[in-house]
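Got the viewer open? Here is a short tour, one selection at a time.

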Amino acid sequence: MSVVVTSNISQLEEQLTPQIGGNTIGFVPTMGALHEGHLSLVREAQKENAIVVVSIFVNPTQFNDPKDLERYPRTLEKDVNLLDTLGGEIIVFAPAVEDIYPEGTEAEPMDVGAVAKVMEGKHRPGHFEGVMQVVRRLFEIVKPGRAYFGEKDFQQLAVIQEMVKRYHLGVEIVRCPIYREPDGLAMSSRNTLLSPEERAIAPKIYQALEKSQSLSREKSVAEIIQWVTQEIEQEEALKVEYFEIVDRDTLEAISSWDEVEHVQGCITVFDGIIRLIDNIPYR
Ligand code: AMP
């Protein structure tokens with residue numbers, strides 16, 4: 001089998017040491033329950049690195065809702081089989097909580113400024129602190145040259161890039177595009193938790209975002225925010241938690257299209273069970 005599973009740090013080091021030489025390690029951090037979106041990141045890593053490590057770790061410190069942590073899907077065997085279909089050597093690092101946090105989960109807070117405070121930062125207190133804590137720790141363990149993150153979690157990418165810059169972590173961050181279901185819904189591990197009825201209406205989010213891209217030529221920023229919100233909330237079960245139109249780099253909300261060069265719309269919709277996140281470029 002070309003996929004090797006390691007469950008603790010010393011096993012991982014044993015796997016990596018003979019291979020490293022002058023090779024760079026491409027690293028894809030995940031929480032498992034893998035889908036095509038994750039695989040697209042792994043494929044990218046395989047193209048650019050001799051060694052690929054995929055971590056599968058449901059990080060407790062980034063969950064602000066204990067119920068969300070409890071029901072988060074865990075499917076290690078299936079994940080390994082899926083990775084095996086890609087071919088090539090892949091090292092799966094699937095540690096226990098004690099391996100990642102041997103001294104407990106308390107951590108020195110890291111400050112990356114406004115990018116971590118807006119949008120998800122406001123709605124999920126402590127979430128990005130947990131994300132930064134685990135990604136920094138995983139970088140220490142895996143020592144990658146490059147790490148791959150999906151634009152599906154648009155704000156997470158901005159937070160990680162700022163963390164790498166401010167704390168001189170020396171890892172190249174590679175952005176990978178959002179991978180979608182044929183009906184437009186952004187792939188997510190949590191989608192498996194949707195009932196058939198919820199799954200049927202979830203594509204409404206991307207449909208509204210996509211339509212708003214062309215409408216943005218004739219409507220103002222405020223009008224687009226209102227239009228997208230109304231369009232999605234026509235489905236009674238969907239509630240827009242926030243929809244912000246922001247500068248792609250600083251994530252600061254803008255009020256007119258020509259204020260900045262790159263404009264992104266970022267949305268989170270609550271469907272009564274899970275939060276569905278998505279985003280779209282406007283300029
Ligand atoms: P997760 O397992 O949800 O923590 O995601 C692990 C990585 O996969 C993150 O960098 C995500 O942004 C990325 N990812 C998850 N879903 C998608 C998707 N649909 N398209 C592209 N990347 C994704």
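For the first stop, a residue counts as near the ligand if one of its heavy atoms lies within 4 Å of it. Keep in mind along the way that this is a predicted model.

**Stop 1: the ligand**

Select the ligand and bring up its surroundings. You should find 17 residues around it, and the closest are Met 31, His 38, Asp 153, Tyr 179 and Met 187. Which elements supply at least two residues each to that shell? Colour β2 (25-30), α2 (36-48) and β5 and you have them. The top contributor is α2, with 3 residues.

Now look at the oxygen atoms of the ligand. One is 2.6 Å from an N or O atom in the side chain of Asp 153. For backbone partners, go to Met 31, where a polar backbone atom is 2.9 Å from a ligand oxygen, and then to Gly 150, where a polar backbone atom is also 2.9 Å from a ligand oxygen. How much of the ligand does the protein bury? Of the 480 Å² that the ligand exposes when taken alone, 93% is buried by the protein.

**Stop 2: β5 and its partner**

Stay with β5, residues 146-150, and add β6, residues 172-176. These two strands pair in the parallel sense, over 5 bridges. To line them up by eye, pick Arg 146 and look across to Glu 172 in β6. Then trace the chain from β5 through helix α8 (residues 154-166) into β6: this β-α-β crossover is right-handed.

**Stop 3: Asp 278**

Next, jump to strand β9 (residues 275-281) and select Asp 278. Buried or exposed? Asp 278 has a relative accessibility of 6%, so it counts as buried. Show side chains here and you can draw a polar contact of 3.0 Å between Asp 278 and Arg 180. Beyond its sequence neighbours within four places, Asp 278 also touches other residues, including Ile 178, Tyr 206, Leu 209 and Cys 266.

**Stop 4: Tyr 101**

Finish in the loop between α5 (97-100) and α6 (120-123), where Tyr 101 is found. Tyr 101 is buried because its relative accessible area is 8%, under the 20% cut-off. Its side chain makes a polar contact of 2.6 Å with the side chain of Asn 59, and another of 3.3 Å joins Tyr 101 to the side chain of Thr 61. Leaving out neighbours within four places in sequence, the contacts of Tyr 101 also include Phe 57 and Val 134. Last click: Gln 133 is 32 residues from Tyr 101 in sequence, and their C-alpha atoms are 9.8 Å apart.

Technical notes. Residues numbered from 1 in each chain as written. Predicted model: local features only at pLDDT ≥ 70, side-chain atom pairs only at ≥ 80, totals over all residues. Heavy atoms only, no water. Pairing = 2+ DSSP bridges. Helix = DSSP H or I, 4+ residues; strand = E, 2+ residues; numbered from the N terminus. Right-handed = clockwise from strand over helix to strand, strands pointing away. Buried < 20%, exposed > 50% of the residue type's maximum accessible area, 1.4 Å probe, protein only. Polar contact = N/O pair within 3.5 Å; in protein donor to acceptor, adjacent residues only side chain to side chain. Contact = heavy atoms within 4.5 Å. Areas by Shrake-Rupley, 256 points an atom, 1.4 Å probe, with all protein chains shown as cover.
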